[in-house]
Each structure stands twice: as C-alpha cells, then as structure tokens.
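Biologist: I'd like to practise reading strands, sheets and helix packing with you. Could you bring up a model we can go through together?

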Amino acid sequence: MASSQMSYAPTLGKLLKSLNTQPLEASIEALIYLLKRRQVKGDDVANATAHMLLQVVAKSKWQNVDQLLAKVSNTGHRLAQAAPTEQVIGNVVRRVMGLIRDEASEDRNADEMGDSVSDLSQLPTTPTISTRPGPTPLRAATLPMSKSMFNLLCVSETAQSPVTGASTPMSQGASANMHALRSEVIDGIEEIMDEISQADDQIAGFADIQIHPGDYVLAYLPSPTVERFLLKAAAKRRFTVFIASAERQKPGEVPHAALRKKLNGLGVNAISLASNGLMAYMPRVNKVVISAKAVYANGGISTESGCSTAARAAQEYSKPVIVLSGVYKFCPVDPSDDGTEFEQGDSSTYVDYADGEAVDALEVENIVGEYLPPQYVDVYLTNLGPQTRDHLATIMADHYKLEDMGLSLHLP
Amino acid sequence: MAVENTGAPAGAPAPQEKGKQQAKSTVANTPATTGGDAAGEQKLTPAQLKAKAKAEKAARRAKAKEVKEVPPAAAVADAKGGKSGKGGKQEGSQSAGSQQQGKSVPGRRPSVNGRRPSVAIIKEDPRSSIPECFSHVAMAKRIQTSQAHKDVHPAVLAVGQQMATFALKDSIARLEATLLAFKKVIESYETPKGNSLSRHFVPHVLNPQIEYLTECRPMSFSMGNAIRFLKSQVNKFDIDTPEDEAKESLLEFIDIFINERITLAEVVISKNAAELIDEDGVVLTYGRHRLVEKTILRAKANGKSFAVSVIDDPYDQGGKELAKTLQQAGIRVFYSPNLGGVRAHLERASNVLLGTEAIFANGSLHAPAGTADVAMAASAANVKVVALCETINFDRERVSVDSLTYNEIDPERCSAESFRLMFDNTHSKYIAGVITEFESGTDFAPAQAILTLLRKREDPTIA
C-alpha cells in the first residue's frame, strides 16, 4: 500500500505527509531514492533528514542510548551514502546525536537528585507533548508502572556511573528514562527543524545592513535563501540586482522571472545576465551574494558550480563576497575528508541527445556543484549574524559534541 | 518608404501599422489596458494615470526585446485592438506614458498619421531597453539597406548586414570581408572631373562606407588599423598619379595586406602555437576561435598525441562545434558546457590556448566574454595561458583596464530580462605569452612587451 503510494511521482512533500502512515523502513527507503535521484536537494535536504531522524527516534525500537545513537547514525549513514555531496545530512545527524547525548546526561543528572517522583509526574504528560503518532502513546500507556518502580531501585546505580558519551553504559532496562528521553529528543529535533525553517528569515533580517542604497548586487544562481535576502533588502532599499546563472535558457524562457518580478514590484531593478563569465560585469558590482550548501571547518564552502568563477572575479576587483548560510549548514569536517570536490550532473541540457555526433564523441562533464576555498569568502552571514572565518570553529564547537565531530558518514 | 521593410522580417509588419509600433510596444499589456479602460474609465485620477504610465513603462522595458519579434498576427491584432480602443482612455493614458519617456514623445505624436517615424522607433527601441548602467556601451544594429547613405556601395551594404547580424563575427572575418568589399569600391571608383583620387577618394567615397559599417556594428580594432593603413596609402599618391595606376596600386596593397596580415599570419601563428602543445598533454581552450582550432589541428597533423578540454559558453555554444570538429580529427575531447567545470578541467590541463579579438596598448586582451575568467582560473591553478593574436588586432592607442570601457552588447540580449556583454578584458598579468605572426619559433612575447613589438612593427614601409 505504502509503496504504491510512493511509486507514483514521489516528492518530498508526499513523503513527509506519508511519514505517519507508512513503516519507518519504507520512509527511509523512499527518502534515499529521492536523494539518489537528486529530487531532494538544497535546503530541503536538512529538513528531510531531520524529519527522518525524528521518525527513527519515535518509531524504532531501542532500549538504551547507545542503541539509539547507533540507529540514528546508521540511518544518517544510509542517507549520506545516497547523496554524498550533501554535507548537511551529516550535520543534522551530528546535531541529533549531540541532542541525544545531552538529554541522556540531563536525565541522569535528574535521577541523581532522586527526583523520581517528578519523573513519574512527567510521564503522563509525555503523550500529549509528542503529537507524533506511532508507537509512543501505546508505550506510554503500558509502561509507566514498571518504569517508575524501576527508577526507585536504580537511582543509586545511575548516580555512580558518570556520563562519558557514546560509550556510557546505561542502566539496563531504564525504560521510563528511555521513554522520557524519547519525547525530549523528539522535542529537540523539532526545535532543530524550527531552526532550519527559520534560518532563511533570520538571515534576511540582516539584509538591510549588508545592502546599501545604490548598490549593485550580484546574485549568482539565487537560492531561496538569497531570494528572501534580496526581497527583504528590497523592501527597504533601492539597489540593482544582477542575477547570473550558468544554465542555458531555452528560447523564450525567462530566467528567474518570478524573482525579477517580485524585485521589480518592490522598485528594485533586476537584470538577468546571460553570461557565464562574470569578469565583464564585476567593475560595476558592489558585492556578490551566494548561498552555501555547506560550510566546512576551514571556511571553504560547498556550493553551486560557477560560484568560484564569480567569487574569483569579485576578488580580482576587491568586491566582498557574502555567503549566506544557516548555522545548520556548518560542517565540522575538512573538505578533503568528506565527499568530493566536484559534483557532476545531467549533461543533456547542454548537449542534446538528438545531436548524434556530439553524443557519440564528446566526454561531456557538466559540473553542478563545487568547493569554494575559504580565501574567496569575506563574510558568512548566518542566522546568528555575520561571522568571520576565525569564528567558525567556535560556532561549530557550540553546535556539535566533540564526540560527533569526527563522525564520518561517508566511509564505507 | 513603405516597401522598404523587406529586410528585417521581424520589423516588417510594424511599419504597415503606421507607426502603431510605438503604441504597441506595450503589446503584452494591451489587453489588460483595454480591459481596465472599460472598468476604470471614470476613476482615472492624475495620480492613477501616472501609476499606470509607470507600469506601462516597466512593461515596455521588459517587452522591448520582443517588439522586434512580434509575430505579424499579433501585431495586426494589436493594431485592431488599438484602433477600436483608441477613442478615449487608452490614448490618454498612453500619451501620459510616453510623456514620461521623453525621447519617444516626438516619435509617437507623428506616428498617428505618418509612417516614417515608425522606422526610427524600431531603431531606437532596442537601445531604450538597455539597463541604465550599461547605456554607454555600443551595440550592433540592423539598418535597413534602404536607410543607408546613398553612396554606400552594394558590396559594403552586404557586408554591413552580415556584420549587424553576426554572420561575420570575429574580428579577422570582418576585416577580410571589409577589405574585399573595399576592393569592389575601388574597382568601381571613377574620379570626377577636376579631382584627384588622392584628394577625393577618401572623404567622398571611402568615409561614407566606413560610417555605414560603423553604424551597423562598431568597428573591430583590426578594421580600424587596416583602414588607417589604407588611408595613408591613398595619401601617399602624388596628386598627379593617373587614376588607373593608383587604383591598381591600391588593389594590390589590399591583396598583399590580406595575404600577409591574415592568411600568412594564420599559418605562422598556428605553426608556432602548435609547437607549444605537449606530447600527451591536455590543451584547454575556451569557446571557439579560428586560430586555436587551426593550431590544434596542425599539432594533430604533426603527429602529436594529446587531448583537448573545451570549455564552452552556454549562451554561445561555439565550443561544441569546435569539440565536434576536433573529435572528428581523432583528438580526445573533454567538453564542459559551462564555466563551472573550468577548475576541474584545469586540474589535468597542461596549458591553455586562448583566441582573442584584440589586444590593447596596455597588454590586456579583448576577448569573448568569459575568457578573463578562464585565464584567471588558469593562472590560479598555475597553468600557462597563451593568447593567439594577429598583429593587426593590436590596438596601439586604446588602453583598457576594465570590461566596461570598450565593449559591445549582444543585440539579441539587450534588456534587463536577459543582458549580455560580448567581450571582457583580461589583464595581462594572467597571460604567460602572446603568439603573433612576428614571433619566431617558440619564443614568447609576454603581453607586457607588446608595445615593444609594435614599435618593431613601426616600419615605414607599412605605416
């Protein structure tokens, strides 16, 4: 049943809707296929990953924190394998694992105080907190009794075992704890999802600081983040936007028509550049705005192909390059560790299959994603405000647990 | 005048509409306007009028590019719509619109009764859609042959049309066609009584041709150089030189010129550049340039084995043709359809060969848009960049430090909807060497030494 639903024009929207009705494994598989076909990409990936991990936490069977961590990282591993260039998957997995560790240690601290009564009193409320359907309500109904009794017995024992991260052995069968943990982790993931969905708006909030009246702003392949940023700035400022893209438009097709219309509506001049090289326009440009798919530990970013052309041209003329990126895209690995430097894409948009000569002969390489070295980036504009390269490590340390920093989802 | 419009198919229907063209340049929103007229006839306060005019102006700008291409049916339908709706509101609101447009006011008024201005408007329109910040940049335009100066020679007319439509595109092709057309002009020239060729030919015959060609498309630097040589050649004639002798000498001069500066130059450059291609190396090039193509084919013919990376401009796709040609010659070709792949391709490239349109006095290249990005990426990747250029393309007077000083707008893409500059400016620091026909062997003339090179060319027998 579930598979027949998915087999028909699968989209992320449909998948997210069907999450509650179909088995966990089917959902994961469906998302993997969407990722493999690159039907989910860009900013949707983080959201989709968070949704999926929430399902993993809510639906899968686990008895202790270690099992949960293993399940989360295993699912993350599978998703990352499906889309090796999407570093964001790893980020969300790290965040969720960090969250689990936090909640687990908090729980135990609470236990240390011998506060089992409050623990008990919390329990009945948990089903209402987690509005997600699934096995949770059932468990909540059947287990509280045994859990609370067990808690009474094992208080002293947990107090003895300090929290040491992934390898921490949990007291066996602490299912009441586990249940509370489950709902807290679910809450936490929902917070991460909120953060992801609000990031664009928060970034756009800094638009009028960065963009000044009379500016010429070059937006290279504007992503939804960049579009929102520009529109927010347009509400306050009069400036000119150059929209550049490496894609070839079919005759009669107007590139970025919707964005141009909105900008024009706000009184901002938007010019689509039908050009691949951007050096010609750079003397006119005041700043370049691009969005990152991921920001690496060294400050380099993973982004759309062609951004390095734009950034290099900007550097030649000493124009600032502003990278828009939610903090959730900050990725605590080095670019050489994970993934590939270039991502290749469909070449049929450029070389027609009807063009037999070309199809037979040419080795067409259409690069769709690339790595932009840190020296080309001037400002990282995040939902926490503008950041410099030197400060990235601090932000990453704030958001990821040390234990998860080294997590690599790309090793076979 | 009414039958003149056979030239441009797109413009053809418009003049028949007696200059409705202007009114109809708001083609897209005409239905909306007429619809709104009926409904909102009474409530058009001056402020509303102004807002409406503004909206129309915006729409007109957006649509201006399409104006040329309005299919006949649409134009006719429009004209009808315009006539029926003309009586009251629409006329009023539209003239308000054109008042704000300044320039088009004089064009519009007479257009109601006369057909002539419509032609002028067709010529004006494409430029009016150019975004303000690029309004200083030149653009080729199609001039209907009947609009040209009466002294323009038919051969030059044809060349002008071909240049305006980019059938003749690169600087050398244009130069050659121009010189051949000038030969025809010289052949058919007869000195009027009481005049001498050396005094009469240039101001009264040659200059109108040049003006016309410049109007069609700004002259390439090579054309400027050649014309200077040609004029100085004419000036050298003694006032008493017999006409036949002078003509003969001019024709011969042009033949030699084409032979030396174009035909032989190509052979020499490709020969020298072919030696730069490493055995088992990978040559990277951008777009399609005649000299680069010749060079690669020659290296192949010399028995070298190597591969070629072609980076293409997705808006031009000349590189694809080059890639296919090379492939047919048995060369392994990697093809990147856009500049996004340039860094990946540079990783395996051993050197970069670039064709250029011209070289400025400060050594920077004037080359198809995107060349600068490729050169910059290559020098960042420590790959040697070599530019190929005939000396006729060297400009000794002009200095360019950015791409907005001397450039051209693609007439097909000249509005905010889609805008394109045709050239860019590559700083000489990114160029490891320039190969010209005066270079012997594999010697390099670094771009900075170009002025020296030019001084070497400052040979009294030539200039």
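Biologist: Let me start with a pairing. Which residue in β7(B) is the bridge partner of Ile359(B)?

Modeller: That's Leu365(B). Keep in mind that we're looking at a predicted model. The pair belongs to a ladder of two bridges between β6(B) and β7(B), residues 365-368, and the two strands run antiparallel.

Biologist: And what is the strand order of the sheet around them?

Modeller: Read across it and you get β6-β7-β11 in chain B, an open sheet of three strands with antiparallel pairing.

Biologist: Why is one side of β6 and of β11 left without a neighbour in the sheet?

Modeller: Both sit at the edges: β6 (358-359) and β11 (423-426) of chain B have a single partner strand each, so one side of each has no neighbour in the sheet. There's a helix on this sheet too: α16 of chain B, residues 371-380, packs there and touches β7 and β11. The direction of α16(B) makes about 30 degrees with that of β11(B).

Biologist: Now helix against helix. How do I describe a packed pair?

Modeller: Two packed helices are described by the angle between their axes and by how far apart those axes are. Try α9 (residues 171-187) and α10 (residues 197-216) of chain B: the angle is about 145 degrees, and the axes are 12 Å apart. The crossing of α9(B) and α10(B) is right-handed.

Biologist: Which residues of α9(B) and α10(B) meet?

Modeller: From α9(B) come Thr178(B), Phe182(B), Val185(B) and Ile186(B); on the α10(B) side, look for Phe201(B), Val205(B), Leu206(B), Gln209(B), Ile210(B) and Leu213(B). Sorted by class, that contact has eight nonpolar residues, two polar ones and no charged ones.

Biologist: Over to chain A. Is β1(A) mostly covered or uncovered?

Modeller: Mostly covered: β1(A), residues 216-220, has four of its five residues buried. β1(A) runs parallel to β2(A), residues 240-244, with five bridges joining them. For a residue to click on, Ala219(A) has Ile243(A) as its bridge partner in β2(A).

Biologist: What handedness does the β-α-β unit of β1(A) and β2(A) have?

Modeller: Right-handed, with α13(A), residues 224-236, as the helix in the unit. β1(A) also pairs in the parallel sense with β4(A), residues 287-291, over three bridges. There, Leu218(A) stands opposite Val288(A).

Biologist: And how many helices and strands does chain B have?

Modeller: Chain B comes to 17 helices and twelve strands. Of its 463 residues, 55% are buried.

Definitions and conventions
Residues are numbered from 1 along each chain as its sequence is written. Chains are lettered from A and ligands numbered from 1 in the order in which they are written. This is a predicted model: local features need pLDDT of at least 70, side-chain atom pairs count only at pLDDT 80 or more; totals for chains, interfaces and linings use all residues. Side-chain values use heavy atoms; hydrogens and water are left out. Buried means under 20% relative accessible area, exposed over 50%, partly exposed in between (1.4 Å probe, protein chains only). Two strands pair if DSSP finds at least two bridges between them. A crossover is right-handed if, with the strands pointing away from the viewer, the path from the first strand over the helix to the second runs clockwise. Axes are lines fitted to C-alpha atoms, for helices over the stretch in contact, and angles run from 0 to 180 degrees between N-to-C directions. A crossing is left-handed if the near helix is turned anticlockwise from the far one by less than a right angle, and right-handed if clockwise. Contact means heavy atoms within 4.5 Å. Ala, Val, Leu, Ile, Met, Phe, Trp, Tyr, Cys and Pro count as nonpolar, Asp, Glu, Lys and Arg as charged, and the others, Gly among them, as polar.
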